[in-house]
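This report describes one protein chain and the ligand shown with it. Please look at the structure before reading on.

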Amino acid sequence: METKELICIGCPMGCNLTVTVEDGDVKSVTGNTCPRGAEYGKNEVLHPVRTLTSTVFVENRGNMLPVRTDRAIPKECLFEAMKRVNAVTVKAPVSIGDVILSDFYGANLIATMNVL
Ligand code: SF4
């Protein structure tokens with residue numbers, strides 16, 4: 001049996017979680033104030049995910065466009081995902097929510113700013 005100490009990132013309270021793992025499965029999560037913390041603790045140990053945020057170059061404006069995934073993607077994919085994002089360029093106009101890359105590790109990479 002193994003225990004992992006985590007801080008829940010579900011809200012600003014930042015509850016201290018203790019996750020007990022046995023035979024590759026989560027046996028308990030304690031320290032959470034609400035059910036979201038239990039879910040976060042379990043997911044963080046079994047298959048952690050993160051929302052990727054970055055920027056891409058806007059060719060015809062010479063500035064950067066902030067982008068993010070529209071859902072969390074597997075944490076182990078972040079390094080490879082960042083390499084793909086770094087190779088992407090776009091052309092204005094771009095609107096908030098425009099899909100920059102689709103089918104991107106189970107999510108879409110979307111614009112988070114208008115560039116006219
Ligand atoms: S367990 Fe609930 S209350 Fe505590 S930090 Fe997570 S989301 Fe917030």
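Asp-103 lies in strand 9. The model is a predicted one, and in it the phi of Asp-103 is near 50 degrees, a positive value in a residue other than glycine. Most residues other than glycine have a negative phi. Is Asp-103 buried or exposed? Asp-103 counts as exposed, because it has 9 C-beta neighbours inside 10 Å, and the limit for an exposed residue is 12 or fewer.

A second residue with a positive phi is Tyr-105, where the angle is about 55 degrees although the residue is not a glycine. Tyr-105 is found in the loop between strand 9 and strand 10. Tyr-105 has 20 other C-beta atoms within 10 Å, so it is buried; the limit for a buried residue is 20 or more. The table sets out the two residues.

| Residue | Phi | C-beta atoms within 10 Å | State |
|---|---|---|---|
| Asp-103 | near 50 degrees | 9 | exposed |
| Tyr-105 | about 55 degrees | 20 | buried |

Strand 9 and strand 10 form a hairpin with two residues between them, and Tyr-105 is in the turn. The pairing of strand 9 with strand 10 is antiparallel and runs over three bridges. Within this pairing, Phe-104 stands opposite Ala-107 in strand 10.

The hairpin belongs to a wider sheet. Which order do the strands of this open sheet have? There are five strands in the order 8-5-6-10-9, and their pairing is mixed. Strand 8, residues 89–90, and strand 9, residues 99–104, each have a single partner strand and stand at the edges, so one side of each is left without a neighbour in the sheet.

At the other edge from the hairpin, strand 8 pairs with strand 5, which covers residues 53–58. These two strands pair in the parallel sense over two bridges. Val-58 has Val-90 in strand 8 as its bridge partner.

The loop between strand 8 and strand 9 contains Pro-93. The peptide bond that joins Ala-92 and Pro-93 is cis, with an omega of about 5 degrees. Most peptide bonds are trans.

Next comes the ligand. Which residues are around the ligand? Four of them are cysteines: Cys-8, Cys-11, Cys-15 and Cys-34. The others are Gly-10, Met-13, Gly-14, Asn-32, Thr-33, Arg-36 and Gly-37. By class, this shell has five nonpolar, five polar and one charged residues.

Now the chain as a whole. It has two helices and 10 strands. From the N terminus on, the elements run β-β-β-α-β-β-β-β-α-β-β-β. The radius of gyration is 18 Å, well over the 13 Å that the globule rule gives for 116 residues, so the chain is more spread out than a compact globule. The C-alpha trace spans about 55 × 30 × 20 Å along its principal axes.

The domain assignment divides the chain into domain 1, residues 2–46, and domain 2, residues 53–111. The C-alpha centres of domain 1 and domain 2 lie 30 Å apart.

How many of the 116 residues count as buried? The share is 18%, and Tyr-105 is one of the buried residues. Among contacts between residues at least 6 apart in sequence, 43% join residues at least 24 apart.

Conventions: Residues are numbered from 1 along each chain as its sequence is written. This is a predicted model: local features need pLDDT of at least 70, side-chain atom pairs count only at pLDDT 80 or more; totals for chains, interfaces and linings use all residues. Two strands pair if DSSP finds at least two bridges between them. Helices (H or I, at least four residues) and strands (E, at least two) are DSSP runs, numbered from the N terminus. A residue is near a molecule or strand if its C-beta atom, placed from the backbone, lies within 6 Å of it. Ala, Val, Leu, Ile, Met, Phe, Trp, Tyr, Cys and Pro count as nonpolar, Asp, Glu, Lys and Arg as charged, and the others, Gly among them, as polar. Domain bounds come from an automatic or database domain assignment. The radius of gyration is taken over C-alpha atoms; the globule rule is 2.2 Å times the number of residues to the power 0.38. Two residues are in contact if their C-beta atoms, placed from the backbone, lie within 7 Å.
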